[in-house]
Amino acid sequence: MAVLRESPTRSTCGKDTRGINMGYRFVACPLGRLLVARTEQGIAALYLGSEDGPLETALRTEYPTALLHREEGPLHPWIAALLDYLNGQTTQLDQPVDVPATAFQERVWEYLRTIPYGSTCSYSAIARALGQPTAARAVARACATNPVSLVIPCHRVVREDGHLSGYRWGLERKRALQALEQRLNFGV
């Protein structure tokens with residue numbers, strides 16, 4: 001399902017993105033604007049925001065030497081599925097991803113994909129499940145560097161006390177995503 005390329009770091013320093021051919025496009029969604037970038041192997045970036053410009057800047061920063069091209073025309077089926085999810089028409093997102101990851105990030109991100117729709121899990125519970133009970137901060141960092149939100153559902157991760165904390169795309173969007181899942185999961 002996932003195509004995770006080994007990477008020494010998620011920062012742009014030292015990340016070799018040369019030759020990666022990536023198409024991207026912007027679409028309107030219930031949470032504002034959605035940027036979806038993809039390779040032939042999977043989704044490489046999925047960013048949420050209010051305006052296209054900052055999202056495109058973030059993509060170019062994340063993938064500084066990739067061959068980026070804006071896509072037009074019919075929506076790719078992966079993008080259509082994302083919009084269906086955000087519009088409450090499906091609860092399943094199992095698109096392949098194509099992102100560089102450290103071994104630890106890969107473990108965290110794969111675990112996030114096992115958290116059931118409409119459920120949450122704490123950073124510390126994930127650390128314990130991965131056999132590293134003192135790694136809650138590292139789990140939080142892996143969530144913060146997740147470039148493919150929704151498909152790797154970091155919005156389902158909360159503090160130990162159940163409260164929301166940190167979300168790359170803003171706590172209001174995290175709250176909205178959890179509310180959407182709760183509504184559909186429990187028919188509210």
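This passage describes the overall fold, the largest pocket and the surroundings of one glycine in a predicted model.

The chain contains 6 helices and 8 strands. Along the sequence, these elements are arranged as β-β-β-β-α-β-α-β-α-β-α-α-β-α. The pattern opens with four strands in succession. It closes with a strand followed by a helix. The chain has 188 residues, and 49% of them are buried. Among contacts with a separation of 6 or more, 64% join residues 24 or more positions apart. The exposed surface of the chain amounts to about 8800 Å². Carbon and sulfur atoms contribute 52% of that area.

The largest pocket holds about 210 Å³ of space. Its lining comprises 14 residues. Thr91, Gln92, Leu93, Arg113 and Arg156 are the lining residues that lie nearest the pocket centre. By class, 9 of the lining residues are nonpolar, 2 are polar and 3 are charged.

Gly32 was examined individually. This residue belongs to strand β3, which spans residues 32-38. The relative accessible area of Gly32 is 28%. Gly32 is therefore classed as partly exposed, since this value falls between the 20% limit for buried residues and the 50% limit for exposed ones. Beyond its neighbours within four places in sequence, Gly32 is in contact with Val27 and Gly49. Glu51 lies 19 residues from Gly32 along the chain, and the C-alpha atoms of the two residues are 7.8 Å apart.

Key:
Residues numbered from 1 in each chain as written. Predicted model: local features only at pLDDT ≥ 70, side-chain atom pairs only at ≥ 80, totals over all residues. Heavy atoms only, no water. 1 Å grid on protein atoms, 1.4 Å probe; cavity = no way out; pocket = protein on both sides within 12 Å on 5 of 7 lines; lining within 4 Å. Points joined across faces, edges and corners; volume = space filled by probe spheres on them. Nonpolar A, V, L, I, M, F, W, Y, C, P; charged D, E, K, R; others polar. Helix = DSSP H or I, 4+ residues; strand = E, 2+ residues; numbered from the N terminus. Buried < 20%, exposed > 50% of the residue type's maximum accessible area, 1.4 Å probe, protein only. Contact = heavy atoms within 4.5 Å. Areas by Shrake-Rupley, 256 points an atom, 1.4 Å probe, with all protein chains shown as cover.
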